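Hi,

Here is the structure I promised to pass on. Please have a look at it first, and then read my notes below.

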Amino acid sequence: MTAKAGKFKLRFDFWSIVKYTAIVLLIVFLVYPTFRLFFLSISDNKGGFTLKYFKTFFTKAYYYRTLKNSFATSGITTVFAILLGVPMAYITTRYNIWLKKTIDILVIMSLMSPPFIGAYSWIVLLGRNGFVTKLFEKIGITIPPIYGFGGIVLVFTLKYFPYVYLYVSGALKSIDRSLEEAAENLGSGKLRRILTITLPVIMPTLGASAIMVFMSSLADFGTPMLIGEGYKVLPVLVYEEFMSEMGGNANMAGALSIIVILCSTTVLLLQKYVISRKNYMMNATRPPAVIEVSKGKKLLLTSLCMFVTILAFLPQVVVIVTSFIKTNGPIFVEGFSLGSYEKIFYKIPKNIANTFIFSFIAIAIIVVFGMLLSYLFVKRKSKTTGMLDVLVMLPYVIPGAVLGVSMLVAFNKPPLMLSGTAAIMIIAYVIRKMPHTVRSSTAILYQIDPSIEEASINLGVSPMKTFFKITAPMMAPGVLSGAILSWITTINELSSSIMLYGGKTATISVSIYTEVVRSNYGTAAALASILTVTTMLSLVLFNRVSKGKVSVV
Amino acid sequence: MSYNVKICNVIKRYGDFTAVNDVSLDIKEGEFFTLLGPSGCGKTTLLRMIAGFNSIDEGKIFFGDKLINNIDAHKRDVGMVFQNYAIFPHLNVYDNVAYGLKARKVPKDEIHTRVMEALKTVQIEDLKNRKPSELSGGQQQRVALARAIVIKPGVLLMDEPLSNLDAKLRIQMRTVIRKLQKELNITTIYVTHDQEEALAISDRIAIMNKGRLMQVDKPTTIYQKPENIFVAGFIGTSNFIDGTVTKIDGDMTANIKLNAGLEFSMKLKKNITGPVQISIRPEQFIIKDANEPGISGEIQMYTFLGDFVAYEVELSNGQTVNVNEYTKDIEFVRPIGEKVSLTFDTNKINVFTQDGTEVVS
């Protein structure tokens with residue numbers, strides 16, 4: 001009897017406090033804004049119920065075309081990313097080509113680079129006044145315009161194919177040699193082996209990476225905004241509807257946001273139930289053999305891979321180079337100078353400081369909460385924590401621009417008047433980047449044997465103290481590496497920032513955007529260079545901390 | 001100070017499944033007590049209930065006079081050695097062993113003396129600055145042991161501590177554990193599925209199956225006088241032969257007729273007639289020439305194992321039995337196909353009821 005009585009005692013222990021605090025915060029800052037957005041989308045100006053915004057969306061070409069455009073750009077990008085990523089992954093894992101390390105590093109850097117510098121750089125190269133465009137004009141060749149559908153797909157593909165490359169390389173390396181040897185032993189030729197064994201085995205991974213490409217393209221705001229011009233995709237339309245000074249329509253923006261969320265949710269569910277169904281857990285004791293090829297072949301394969309890699313990495317080079325070119329207003333002129341840097345440090349030092357301060361605070365919160373929450377999800381499983389898990393992961397399907405809109409809608413009047421403050425930016429960052437940290441922390445926790453904690457408890461240390469003395473230090477390297485990756489994506493964050501920034505809270509990425517819009521390419525380049533260099537340094541730090549044990553994707 | 005451990009009618013359920021079913025044990029102070037059984041028999045569940053990692057659904061557990069049902073795991077004063085050792089990977093050997101003492105706020109000087117003493121006891125004082133990743137399996141095992149005994153717990157629990165070691169090291173470590181336990185005179189509850197290990201190391205063994213206790217006894221008794229067919233089959237190898245008690249006298253001398261065709265008489269403890277099961281260990285069979293009285297059979301296969309030869313003998317009723325013959329007693333290995341006659345000493349066999357739940361000899 002005594003044993004049972006204990007169960008019904010209401011216990012406000014440490015973990016309950018964590019659990020309920022997290023629930024309250026998520027309801028206030030995630031659920032409530034999303035609901036506000038939803039109600040906005042189905043209410044008319046007098047507060048009555050209406051579906052006219054959705055009706056407008058699906059009847060007016062101006063609106064529904066963006067949905068088509070979003071799917072077209074994301075879909076085509078995904079196809080191209082697979083066509084680039086899979087062969088490259090196969091070549092680098094199976095052939096003894098040169099520069100494998102360099103390729104990996106450059107590809108990772110391209111993936112982690114600020115999201116819109118691709119668009120910026122390709123405009124600088126191939127835009128109306130682009131370097132390459134002008135060069136070709138001199139010899140009488142007109143290059144087709146980069147703006148619109150083609151430009152978006154080009155930039156997306158080069159930016160996101162690394163997902164496919166990195167995921168698939170990982171999968172290809174983890175297939176045990178014996179699998180293909182068995183197929184060969186059973187009389188199957190090389191092509192047949194690839195088609196019947198290798199490809200099916202990596203299929204789930206390939207699917208997961210394809211979804212990553214698709215979702216990232218679908219949610220990307222900066223690239224289509226800069227390079228799309230007349231060719232509008234959904235996130236851009238959300239921004240314009242909400243922000244445009246003349247005739248902006250918050251309700252319409254709400255309806256658009258709901259449609260975006262539905263799209264990405266559908267895609268994610270599709271992945272969950274179609275692709276992740278069959279996942280082959282593998283741990284190669286003998287990784288596949290690397291095939292030695294002749295010098296000529298080796299050179300050809302290396303050049304092919306390096307060509308794609310350099311193309312993907314090019315924007316970062318362009319940004320850094322152009323940041324040192326002399327400018328005269330919007331025009332680049334002959335010669336080098338530090339003028340662009342002088343301008344930004346003189347004009348907008350605050351924005352630079354904001355970026356780092358906001359991101360740092362956000363990451364600190366994310367790390368603490370991420371570790372505690374993942375612990376709840378793994379070790380204190382219950383219905384409540386299951387619900388909490390779903391809540392925390394919700395931002396996966398909410399693009400930054402949409403999250404920004406929802407928070408603006410929710411917190412633009414008392415009691416929580418947050419718009420224009422630093423707090424709303426930091427909260428948005430925390431909510432947006434939390435899923436990644438929670439996911440990686442959860443994975444790390446699952447690898448820690450439960451008996452290690454039990455050993456500590458058994459030696460007389462309470463469960464809560466055990467978490468801080470044993471579990472947390474063991475999780476730290478993994479979580480820290482994850483935090484560095486989140487840090488990188490946070491300093492580069494544009495889509496939610498552009499919705500939420502006020503006069504005093506603009507960040508570097510917001511400034512880059514506004515500078516590009518004003519055709520101040522020099523200052524934009526200088527700002528982008530700061531982000532690029534910080535990103536590179538952070539990646540170096542990441543490598544140090546993770547010791548190659550944590551993957552960037 | 002070591003406790004005696006009293007377990008009274010303890011039950012653990014997981015949904016419809018009863019993992020530990022009404023188990024009662026009385027473990028003496030300083031005793032080396034082993035829970036032995038096949039995987040899934042509830043032995044580890046019971047151990048974890050004693051440690052405080054599994055709640056006790058029904059029943060009571062006492063350390064000495066103290067009821068521990070509602071005491072948190074970290075306040076129970078038990079040492080535990082885990083199957084995978086559970087060495088803290090981010091702490092070196094010294095800090096691993098000192099961990100429990102620090103939690104108990106033992107003064108620093110005393111921590112040092114006690115840690116060094118514990119490391120010395122398990123013979124790894126040279127490794128005190130090593131990281132766990134630099135230790136072999138056997139060394140990690142010693143760290144786990146040192147960490148558990150350094151806090152001088154009232155009870156020491158061990159969950160299959162040797163199962164991850166190779167065969168040679170396993171035998172070496174089990175001697176280390178046995179000596180250490182006697183030296184420290186600490187009440188020890190040891191879980192294993194390895195019957196040989198249990199026989200070698202324990203003062204007493206509790207054999208469990210499907211959550212229930214099958215028998216609690218000294219190793220020799222368990223081996224020689226199993227209380228039921230499960231124990232007879234689980235410990236060592238036994239041949240089970242069907243027979244019938246055709247009549248039983250007032251002084252309990254029963255006449256037993258084996259289906260395989262031998263009739264003999266022996267004393268039973270219980271007045272029963274009708275079908276029974278007889279268990280005979282391979283080494284208790286005596287192989288004689290075919291013309292002598294006994295169960296007649298034919299050698300089907302032999303395996304020469306150095307100190308003895310293991311035969312498979314097919315009896316006249318088609319049943320195959322295992323028979324061992326020691327090399328020192330024979331001059332040659334019997335060829336396949338040889339007709340033989342098997343006999344045994346009735347003092348060395350056990351007779352069970354037909355359902356196997358009760359011994360009657």
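Residues 1–10 of chain A are the stretch to treat with care: pLDDT stays under 50 there, and the model gives these residues three contacts beyond four places in sequence. This is a predicted model, so please read the rest with that in mind. Helix H1 (residues 2–8) of chain A has the lowest mean pLDDT among the elements of the chain, at 41. At the other end of the scale, helix H4 (residues 61–94) of chain A has the highest, at 93. Over the whole of chain A the average pLDDT is 85, and 94% of the residues score at least 70.

Now to the overall build. Chain A has 24 helices and four strands. Its C-alpha trace spans about 95 × 75 × 50 Å along the principal axes. Why does a radius of gyration of 25 Å agree with a compact globule? Because a globule of 553 residues would be expected to have a value near 24 Å.

The contacts and burial are worth a look too. Of the contacts in chain A with a separation of 6 or more, 79% are between residues 24 or more positions apart. Buried residues account for 54% of the 553 in the chain.

Finally, the surface and the charges. Chain A has an accessible surface of about 25,500 Å², and carbon and sulfur atoms make up 68% of that area. The chain carries 51 positive and 22 negative charges, and the mean positions of the two sets lie 5 Å apart.

Enjoy exploring it!

Best wishes

Conventions:
Residues are numbered from 1 along each chain as its sequence is written. Chains are lettered from A and ligands numbered from 1 in the order in which they are written. This is a predicted model: local features need pLDDT of at least 70, side-chain atom pairs count only at pLDDT 80 or more; totals for chains, interfaces and linings use all residues. Side-chain values use heavy atoms; hydrogens and water are left out. Helices (H or I, at least four residues) and strands (E, at least two) are DSSP runs, numbered from the N terminus. The radius of gyration is taken over C-alpha atoms; the globule rule is 2.2 Å times the number of residues to the power 0.38. Buried means under 20% relative accessible area, exposed over 50%, partly exposed in between (1.4 Å probe, protein chains only). Contact means heavy atoms within 4.5 Å. Accessible areas come from the Shrake-Rupley method with a 1.4 Å probe; for residues, only the protein chains shown count as cover. Lys and Arg count as positive and Asp and Glu as negative; His and the chain ends are not counted. The place of a charge is taken as NZ of Lys, CZ of Arg, CG of Asp or CD of Glu. pLDDT is the predictor's confidence in each residue, from 0 to 100.
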